[in-house]
Amino acid sequence: MSLLDRHRAVMPTWMPVYYGDDALEIVAGSGRRVTDAAGRSYLDFFGGVLTTMVGYDIAEISDAVRAQVGTGVAHTSTLYLIRQQVELAEKIARVSGIPDARVFFTNSGTEANESALLFATNLRRSNQILAIKNGYHGRTFATMAVTGHRSWSSSSLSPLTVHWLASADRLRGRMAGLSDSDLIDAAVDDLREVLATVSAGDVAGLIAEPIQGVGGFVAGPDGLLGAYRKVLAEHGILLIADEVQTGWGRTGDHFWGHQAHGVTPDLITFAKGIGNGFALGGVVGRAEVMNAVPAISFSTFGGNPVSAAAGNAVLDYVLSHDLQGNAKRVGAVLLDGLRALSYDILGEVRGRGLMIGLEFTRPGTGEPDPVATLRVFDLCRAGGLLVGKGGLYGNVIRIGPPLTLTEEEAREGLAILADAIATADAESR
Ligand code: PLP
């Protein structure tokens with residue numbers, strides 16, 4: 001029995017696996033490349049969903065984890081002091097830009113958002129949350145409740161009362177003749193209207209991804225969160241920035257995605273890249289909000305010594321190698337190359353740093369084209385390049401490689417992408 005058949009026999013049916021009957025098993029990795037069980041090598045432009053942020057088998061990270069495991073202490077419970085955890089919290093508090101910040105560690109982005117929602121609702125004594133359509137925040141009750149993406153949400157089971165804001169999608173805005181400032185004005189009007197109609201303004205918080213990840217790397221105009229913030233402040237509503245995909249310099253221009261919006265959130269949630277594959281997530285935020293949980297609470301594995309050792313090594317690497325700068329430089333090479341492509345099916349190339357989305361649409365109509373997208377996706381794999389898929393309609397190719405990607409690797413991936421898009425475009429006629 002193949003590994004795929006065994007997987008299908010034992011895993012729930014709803015668990016997504018890329019490439020269907022030709023699913024991949026990755027057995028080795030180095031730098032930005034992985035090898036599958038059949039010995040084929042791929043350039044990885046998705047980094048395990050933006051998780052392998054520094055790259056595969058990076059000596060500084062592997063050595064730090066081995067050293068921690070070598071002490072014999074993989075876990076001691078948070079009832080004891082954990083040096084790695086305290087040091088990592090100090091570093092994250094420092095880079096957060098939040099004065100007197102506190103940090104709480106979890107094992108995943110879902111738990112990070114669940115915790116942030118817990119802190120915000122407790123401080124504000126309200127279970128009302130504002131969320132943005134097409135957003136993704138996790139797979140627990142509360143985080144699914146604020147997920148506005150039909151493939152992932154089950155908000156009818158929500159423990160929260162969620163008020164939805166429209167996603168300020170710039171492609172759709174442009175198609176409707178709206179400028180960026182028109183879009184911001186419309187988004188602020190939407191927020192004001194939602195607050196005035198479905199709440200008495202006594203909402204706990206707004207949760208938002210600076211760039212919607214699973215939703216297809218959709219970003220509102222720069223400044224949008226800052227414009228929201230002015231209205232939120234009138235009501236004392238907290239801002240939670242979900243930086244699970246956008247943090248740590250990924251977007252090149254800034255260390256955090258929210259910095260493009262000229263705003264400092266009350267809470268920032270993080271996961272994925274900070275562990276470079278080891279399970280690590282958390283929340284960093286204002287002490288007043290972080291301290292708002294009245295009961296004792298801890299996470300058995302959150303910030304355990306091994307994950308925290310990885311986190312320390314990752315953050316040190318990101319900062320000492322200026323990976324934000326690399327994301328900006330190499331991201332520009334990729335973006336320029338992709339924007340130079342002109343094909344009918346390629347509706348939009350968008351992105352920032354090493355977070356780039358290609359939206360495929362039907363020529364003339366702007367209708368999503370998931371068929372062409374799937375073809376590009378499969379052709380990339382056949383050409384030796386792994387990319388991600390996403391978007392509400394499955395019509396976005398997502399590019400989020402390790403931030404150590406070199407210019408040469410960017411050009412190699414670009415050539416494979418260009419061939420794949422050209423073929424899919426020709427076949428679509
Ligand atoms: N928030 C965002 C923006 C995400 O992209 C994800 C995962 O894709 C999550 C939260 C959930 O993180 P995890 O899968 O680690 O629970």
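# Questions about a predicted model

Guide: The protein chain of this predicted model holds 14 helices and 15 strands.

Visitor: How do you know that the radius of gyration agrees with a compact globule?

Guide: For 429 residues the globule rule gives a value near 22 Å, and the protein chain has 21 Å, so the two agree. Along the principal axes, the C-alpha atoms fill a box of roughly 60 × 60 × 45 Å. Of the 429 residues, 53% count as buried. Among contacts between residues at least 6 apart in sequence, 74% join residues at least 24 apart.

Visitor: Why is the sheet of strands 1, 2, 3 and 13 said to have edges?

Guide: The four strands form an open sheet in the order 1-2-3-13, with mixed pairing. Strand 1 (26–30) and strand 13 (385–386) each have a single partner strand, so one side of each is left without a neighbour in the sheet.

Visitor: What makes strand 3 and strand 13 a pair?

Guide: A pair needs at least two bridges. Strand 3 (residues 41–44) and strand 13 have two bridges, in the parallel sense, so the requirement is met. Leu43 stands opposite Leu385 in strand 13.

Visitor: What makes both faces of strand 7 covered?

Guide: Strand 7 covers residues 205–208; Gly205 and Ile207 lie on one side, Leu206 and Ala208 on the other, and all are buried. Buried here requires 20 or more other C-beta atoms within 10 Å of the residue's own. The split into two sides fits the general pattern, because in a regular strand the side chains alternate between the two faces of the sheet.

Visitor: How do you know that strand 7 pairs with strand 5 and with strand 8?

Guide: The test is again at least two bridges. Strand 5 (residues 128–132) and strand 7 pair in the parallel sense over three bridges, and the bridge partner of Ala131 in strand 7 is Ile207. Strand 7 and strand 8 (residues 238–242) pair over four bridges, also in the parallel sense. In strand 8, Leu239 is the bridge partner of Leu206.

Visitor: What do the buried residues of helix 9 pack against?

Guide: They pack against helix 8 (180–198), strand 7 and strand 8. The buried residues are Leu224, Leu225, Ala227, Tyr228, Arg229 and Leu232. Helix 9 (residues 224–235) has twelve residues and reaches 18 Å from its first C-alpha to its last, close to the 16 Å expected at 1.5 Å a residue. Gly236 follows helix 9 and has a positive phi, near 70 degrees.

Visitor: How do you know that the span of helix 5 agrees with its number of residues?

Guide: At 1.5 Å a residue, the 16 residues of helix 5 (residues 109–124) should span 22 Å, and the end C-alpha atoms are 22 Å apart, so the values agree. Just after helix 5, Arg125 takes a positive phi of about 50 degrees.

Visitor: Why is helix 5 called mostly covered?

Guide: The cut-off for buried is 20 or more other C-beta atoms within 10 Å. In helix 5, 14 of the 16 residues are buried.

Visitor: Which element gives the largest share of the shell around the ligand?

Guide: Helix 5 does, with three residues. In total 16 residues surround the ligand, and the closest are Ser108, Gly109, Thr110, Gly213 and Val244.

Visitor: How do the residues of that shell divide?

Guide: Five are nonpolar, nine polar and two charged. Gly counts as polar in this division.

Conventions:
Residues numbered from 1 in each chain as written. Predicted model: local features only at pLDDT ≥ 70, side-chain atom pairs only at ≥ 80, totals over all residues. Expected span 1.5 Å × (residues − 1). Buried ≥ 20, exposed ≤ 12 C-beta atoms within 10 Å, placed from the backbone. Near = placed C-beta within 6 Å. Rg over C-alpha atoms; globule rule 2.2 N^0.38 Å. Contact = placed C-beta atoms within 7 Å.
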